[in-house]
Amino acid sequence: MASPSDESELQNGGGEAAPEPKVEANTEAEAKVDGDPEQTAIQSDDAKNTPSAEQSAEPELRNDEGNKTFTMRELLSELKDGEANSAAGEGETRDTSHHYSSEGTQQQHHTDNNDPAMELINSVSGVDEEGRSRQRILAFAARRYASAIERNSEDYDALYNWALVLQESADNVGPDSSSPSKDALLEEACKKYDEATHLCPTLHDAFYNWAIAISDRAKMRGRTKEAEELWKQATKNYEKAVQLNWNSPQEPLHDASLEALNNWGLALQELSAIVPAREKQTIVRTAISKFRAAIQLQFDFHRAIYNLGTVLYGLAEDTLRAGAVVDKEVSPNELYSQSAIYIAAAHALKPNYSVYRSALRLVRSMGGPSLLTNLDYMVHHEVVAVMVLPLPFLKVGYLTAPPAGNPLAPHSDWKRTQFVLNHEGLQQLNKVEQRQTTQTLSGKTGDAVHIDKGAIRVDVSDIVSVSACTDLTLPPGAGLCIDTIYGPVFLIADSWESLDGWFDAIRLVYTIFARGKSDVLAGIITG
């Protein structure tokens with residue numbers, strides 16, 4: 001691995017994330033890292049959607065907390081309104097630190113003295129005035145839910161909301177505070193989630209937020225056996241949340257599944273850094289499938305796009321460290337190139353994110369740091385050079401295609417030829433010599449590259465849809481169908497793994513075009 005002075009390192013989900021301010025609204029924010037971007041280890045993107053996240057040191061796993069953060073915002077707003085209405089109804093003005101009558105105070109002391117969770121919440125003071133005010137509201141809410149449980153021990157909604165309050169209170173614990181540890185609050189929250197889900201096994205929000213709480217506990221334990229067990233628990237709860245969301249006829253499937261799939265992938269990425277080497281490849285492959293599933297639900301979901309780039313980069317690094325190709329279908333070079341495509345796409349969709357900018361500077365101009373030092377591997381596998389992004393293209397590779405204009409040609413007439421993809425579309429190259437491509441899709445002359453006017457070309461503006469296909473009229477293999485305004489274009493990838501790469505790349509280029517960001521992508525690949 002190159003030293004920090006030479007290259008940045010794109011890490012495979014490693015490292016502990018710094019604490020981050022709590023989410024209050026569903027607004028976009030830029031995730032930042034400390035130090036010079038050129039010399040910063042690039043992490044998986046799991047920054048929260050909050051303006052305050054811009055001040056955080058590094059992104060952390062607890063990021064896309066969709067249901068949880070929105071629920072707590074509503075809860076706090078409701079409690080504030082309730083307090084104001086109560087004070088107005090009694091015709092008196094009350095200090096915000098005193099919300100209860102003498103009767104209520106007696107009930108409060110009884111509840112507080114008989115519940116360890118209440119004792120923990122009461123010990124949290126908050127790090128500033130805003131935090132203290134927020135904690136007073138959270139303590140009031142906790143007492144309300146504790147009273148509800150005393151009245152009805154099977155009130156799973158109260159248990160769920162109580163767990164949320166504990167989880168929110170954990171974020172109010174300052175790093176230098178004498179308050180109870182964040183871990184103790186999260187542990188109590190997990191107990192409440194456990195109780196709630198036993199009473200209502202279909203409470204998918206509880207499984208999702210429970211997984212977030214477990215993940216936060218795991219991050220406090222580094223790369224230990226205890227952390228490994230916690231990450232495994234977290235992945236199981238994310239899986240349960242996705243399954244329940246998928247089967248729920250009442251809840252919005254789309255957003256909740258996106259967040260759960262992305263966080264599930266991140267948890268698997270963290271787990272892969274702890275488990276024995278023999279288990280790592282399987283877990284990494286599973287993480288890739290979760291990020292890809294999230295992207296296929298929403299192709300502009302930039303966090304999952306970026307995270308998929310980081311996990312592919314890490315897989316390429318691990319393959320080179322092992323000194324052998326683990327997956328015979330995909331070389332380390334191809335893994336680096338795939339990684340670069342996703343990172344470039346994430347940056348095109350969110351060009352102001354500094355994390356994406358830093359990662360792009362790394363993958364746009366170099367191969368894996370390990371590859372540059374692993375000379376034995378390079379000689380043995382005849383690796384001459386690596387270009388992570390095949391500039392001035394986003395992707396270069398081989399597809400089997402029929403003669404241009406004749407999609408129903410006999411299978412014997414289909415030929416395996418080189419294709420290139422950039423911000424303008426997909427182009428077939430009929431090359432006289434195999435040299436580094438310097439040809440753009442706009443038709444400018446390049447080095448030994450000759451584009452036949454009869455070659456297949458698909459402009460991004462003409463694309464209607466992209467899908468995998470297994471039509472029996474096509475040659476055997478991994479079929480790709482690009483439906484255009486002029487009709488479908490059928491191609492065959494070298495393998496199903498290769499098809500995934502082409503499918504995602506073409507869909508991402510189209511999505512970037514549809515979002516009006518093609519000029520950003522053009523700047524990335526043309527310099």
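I started with β5 and strand β6 (residues 478-484), which pair in the antiparallel sense over six bridges. By strand I mean a DSSP run of E of at least two residues, numbered from the N terminus, and two strands pair if DSSP finds at least two bridges between them. I picked out Ala-468, whose bridge partner in β6 is Leu-480.

A note to self on the source: this is a predicted model, where local features need pLDDT of at least 70, side-chain atom pairs count only at pLDDT 80 or more, and totals for chains, interfaces and linings use all residues. Residues are numbered from 1 along each chain as its sequence is written, and side-chain values use heavy atoms, with hydrogens and water left out.

Next I looked up the whole sheet. It is open, has seven strands in the order β4-β3-β2-β1-β7-β6-β5, and its pairing is antiparallel. β4 (457-459) and β5 (463-469) sit at the edges with a single partner strand each, so one side of each lacks a neighbour in the sheet. The twist averages 35° from one strand to the next (axes are lines fitted to C-alpha atoms, and angles run from 0 to 180 degrees between N-to-C directions).

Then I turned to β2. Strand β1 (residues 395-401) runs antiparallel to β2, joined by seven bridges, and I found Gly-397 opposite Phe-419 in β2. On to strand β3 (residues 425-429): five bridges join β2 to β3, again antiparallel. Leu-421 has Leu-426 in β3 as its bridge partner, and β2 and β3 form a hairpin with two residues between them.

Last lookup: is β2 (residues 415-422) largely enclosed or open, and why? Six of its eight residues are buried (under 20% relative accessible area, 1.4 Å probe, protein chains only), so the rest of the structure largely encloses β2.

Terms used:
Buried < 20%, exposed > 50% of the residue type's maximum accessible area, 1.4 Å probe, protein only. Helix = DSSP H or I, 4+ residues; strand = E, 2+ residues; numbered from the N terminus.
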